[in-house]
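Q: Please take a close look at one exposed position in this model, and then work outward from that position to the rest of the chain. A connected account is preferred to a list.

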Amino acid sequence: MPIIRYSYRLKREVAMLSDEEYLPVQQALWERLAAVKEYRVEHGASIEVAQRNVHPVSIAYYERLTGQRLVSVNDLYHVQNSRYGSDCSSCQKPLRTPRAKMCAECGFQVE
């Protein structure tokens, strides 16, 4: 079950996915990347044009699972809970990574 947590990269609270929940999203992101590459080869298009013309299945999966709509398919790279660390003891927001020594939001130094 997704948990609501702050994402410093997205600058808002979002539903974070467990590693198991994130696997289908990750697979869909890889498939989209391959489809964008294929579209560029077939049509001689720029990355921007190819991205606009390849439907992001992964974002629809995330919305069905969480009930939240993300602004961009790129936001999906920031909703895997295990990529973040524990909550900062000063501001209560997640640390940038599990190994972070400083809070990216408030600058608090972690022991």
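A: K101 counts as exposed, because its relative accessibility is 55% and exposed means over 50%. The model is a predicted one, and the values below are computed from it. K101 belongs to the segment that comes after α3. Leaving aside neighbours within four places in sequence, the residues in contact with K101 are F108, Q109 and V110. In the other direction along the chain, G85 lies 16 residues from K101, and the C-alpha atoms of these two residues are 9.9 Å apart.

Another residue of the segment after α3 is Q92. Its phi is positive, near 70°, although Q92 is not a glycine. As background, most residues other than glycine have a negative phi. K11 is also a residue other than glycine with a positive phi, in this case about 60°. K11 sits in the loop between β1 and β2, and it counts as exposed because its relative accessibility is 54%. A positive phi, near 80°, is found at G67 too, the residue that follows α3.

The helix before this segment, α3, covers residues 57–66, and its buried residues are S58, I59 and Y62. Viewed down the axis of α3, these buried residues fall within an arc of 100°, so they line one face of the helix. The general rule is that an α-helix has 3.6 residues a turn, so residues three or four places apart point the same way. V57 and R64 are exposed on the other side of α3. Which elements cover the buried residues of α3? The cover includes β2 (12–16) and α1 (19–43).

β2 is also one half of a hairpin. Strand β1, residues 3–7, runs antiparallel to β2, and 5 bridges join the two strands. Among the bridge partners, I3 is matched with M16 of β2, while Y6 is matched with E13 of β2. The hairpin has 4 residues between its strands, and K11, with its positive phi, is in the turn.

S7 is a further residue of β1. In contrast to K101, which is exposed, S7 counts as buried because its relative accessibility is 0%, where buried means under 20%. The side chain of S7 makes a polar contact of 2.8 Å with the side chain of Y84. Not counting residues up to four places away in sequence, S7 touches R12, V14, M16, H78 and Y84. Two residues in that list appear elsewhere in this account: M16 is the bridge partner of I3, and Y84 is the residue in the polar contact.

α1, part of the cover over the buried residues of α3, also contributes to the largest pocket. How much space lies in that pocket? The figure is about 160 Å³. Its lining consists of L29, R32, L33, V36, K37, R40, I47, Q51, V73, N74 and Y77. Two or more of the lining residues come from each of α1 and α2 (47–53). The largest share, 6 residues, is that of α1.

For the chain as a whole, the secondary structure comes to 3 helices and 2 strands. From the N terminus on, their order is β-β-α-α-α. The chain has 111 residues, of which 33% count as buried. S7 is one of the buried residues, whereas K101 and K11 count as exposed. Among contacts with a separation of 6 or more, 43% are between residues 24 or more positions apart. Along its principal axes, the C-alpha trace spans about 50 × 25 × 20 Å.

To return to the starting point, K101 is an exposed residue in the segment after α3, with contacts to F108, Q109 and V110 once neighbours within four places in sequence are left aside.

Definitions and conventions:
Residues numbered from 1 in each chain as written. Heavy atoms only, no water. Buried < 20%, exposed > 50% of the residue type's maximum accessible area, 1.4 Å probe, protein only. Arc of directions from axis to C-beta. Contact = heavy atoms within 4.5 Å. Pairing = 2+ DSSP bridges. Polar contact = N/O pair within 3.5 Å; in protein donor to acceptor, adjacent residues only side chain to side chain. 1 Å grid on protein atoms, 1.4 Å probe; cavity = no way out; pocket = protein on both sides within 12 Å on 5 of 7 lines; lining within 4 Å. Points joined across faces, edges and corners; volume = space filled by probe spheres on them.
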